[in-house]
Amino acid sequence: MCLSLRDKSLFRQQAFIGGNWVDADSGRHVPVYNPATNDVLGQMPWMGAAETRRAIECAEQALVGWKKIIAKDRATILRRWCNLILEHKEDLAQIMTAEQGKPLSESRGEITSSAGYIEWFAEEAKRTYGETIPAANKDQQLLTIRQPIGVVAAITPWNFPAQMIARKCSPALAAGCTVVIKPAPQTPYSALALAALAQEAGIPDGVLNIVTGKAGEIGDEMTANPAVRKLSFTGSTVVGKVLMEKCALTVKQVSMELGGNAPFIVFDDANLDLAVRHVMASKFRNSGQTCVCANRIMVQKGVYDEFASKLAVAVNKIQVGPGNEADVTLGPLIDDRAIDKVDGLVKDALDKGAKALVGGAPLDIGELFYKPTVLTGVTQNMQVFHKEIFGPVAPLYCFEDEDEAIALANSTRYGLAAYFFSRDVGRVWRVSEALEYGMVGANSGTLSSEATPFGGIKESGIGREGGKYGIQEFLEIKYINMGLEE
Ligand code: SIN
């Protein structure tokens, strides 16, 4: 291990099933790399269907006891988990930066927000209310109660290796469900460190399980196994559709947090400095590898040149490098496929007439670094308009009026996040309503928090994470008609 952690026991290279730290049945491991240096960080068990089945069995057995624990006590256990995460924030941030690449400041922020989700849902555990319904007949009492769905499978991505686990697992556990998690193969160590702290917090054996390894086999078992009653997935729309199809065979509930193609609209009455500050946060956080990243930056004709120059000044100040170095604000991309994709999109735009005002090519400080880029003169016939870039590239489109901006913004099959900047209060309301997205930032480039519903419409997903809605994703409504005649 090349990390200097205060608590070395947080760096786990085994999976976590039924409260035991285990290797693959075959004994096989695969390496996990640091994307900034290409060094091997450690090994990860290469598990498949058999180990996943065992984890699901453990979760099924543990469900019997966990769902009976009173909500207040489940909340106390989750609260302990949250406190331990905060106590070990620095080590968890080091692990995350090493496996994912993001700057340490962002990793620390992600750990804090992961703890925030757990704290939020610990509280929500106590508020899973049912209701009474006035009956038409005096001999009946009608009511509903909410009960945990059962065993939940969670497939989480590499871009937010801790937060996505907190966001899915804490509401599931708070609701009384048990979980089997498959973290992304690029970032297993954040997940395993969280599991170590969950164990220390007293989450009973089998309630939280982590399986690492072959995505296809693990996913097939999770989707086919009838004991799993819900699948929660964050990842691409393409994979989400396949998982939904597979879940249909056992009629599982699904929560899908899928791809985006976020418009970021700057109207000519906007505060341009504010818009630049927010587009920087929205576009370049996590090297542009978030599904809510500004993907199409649309600027009204009258302020296009001024906005582009101000953005270029801000982008030129970005410090690119390994995330664990002081002052670095932009780390590497996750792997070579990511670099090839981003570079391909930029080349296509340049070939079709766009100009690179800043950047426009990979950076030679390592294999996975890309220059923060601003493209001007970008048009709809370029691939970058239609694809999720997932990289530090800001393409600027020009529009004439509000109707055109809204039509352009909505002309996509995605509907996750949208942003716009305007100082006209009438427009702020009109555009907020007209944008076909699950989340809208009106004069704001940031959206997610534990208190608010995160999720998309159209092909960006189903369901909401966070807020008072998040826990409902893991509860079933049971209607009880109580006859009062004896
Ligand atoms: C993402 O899911 O990629 C974004 C997560 C967030 O902003 O919280």
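## Exercises: aromatic pairs and a ligand site

The structure, a predicted model, holds eight aromatic pairs.

**Exercise 1.** Classify the pair formed by the rings of Phe 264 and Tyr 419.

*Solution.* Start with the distance. The ring centres of Phe 264 and Tyr 419 are 5.7 Å apart. Rings pair if their centres lie within 6.5 Å. Next, take the angle. The planes of Phe 264 and Tyr 419 stand at 35°, so the pair is tilted. Stacked would need planes under 30 degrees apart, and edge-to-face over 60. Finally, place both residues in the chain. Phe 264 belongs to strand β12 (residues 262-266), and Tyr 419 to strand β18 (residues 417-421). They are 155 residues apart, and the pair links distant parts of the chain.

**Exercise 2.** Find the polar side chains that approach oxygen atoms of the ligand, then state how much of the ligand the protein covers.

*Solution.* Take Gln 163 to begin. An N or O atom of the Gln 163 side chain is 2.9 Å from a ligand oxygen. For Arg 167, the distance from a side-chain N or O atom to a ligand oxygen is also 2.9 Å. Glu 257 places a polar side-chain atom 3.1 Å from an oxygen of the ligand. Now the cover: the ligand on its own has 260 Å² of accessible area, and the protein covers 100% of this.

**Exercise 3.** Describe the ligand's surroundings.

*Solution.* First, locate the ligand: the largest cavity holds it. Then sort the shell residues: five are nonpolar, four polar and three charged. Last, trace their origin. Helix α5 (residues 163-175) gives the largest share, three residues. Other parts of the surroundings include Phe 160, Cys 291 and Phe 454.

Key: Residues numbered from 1 in each chain as written. Predicted model: local features only at pLDDT ≥ 70, side-chain atom pairs only at ≥ 80, totals over all residues. Heavy atoms only, no water. Near = heavy atom within 4 Å. Polar contact = N/O pair within 3.5 Å; in protein donor to acceptor, adjacent residues only side chain to side chain. Areas by Shrake-Rupley, 256 points an atom, 1.4 Å probe, with all protein chains shown as cover. 1 Å grid on protein atoms, 1.4 Å probe; cavity = no way out; pocket = protein on both sides within 12 Å on 5 of 7 lines; lining within 4 Å. Sits in = over half its atoms within 2 Å of the grid points. Helix = DSSP H or I, 4+ residues; strand = E, 2+ residues; numbered from the N terminus. Nonpolar A, V, L, I, M, F, W, Y, C, P; charged D, E, K, R; others polar. Phe/Tyr/Trp six-rings, centres within 6.5 Å; stacked < 30°, edge-to-face > 60°.
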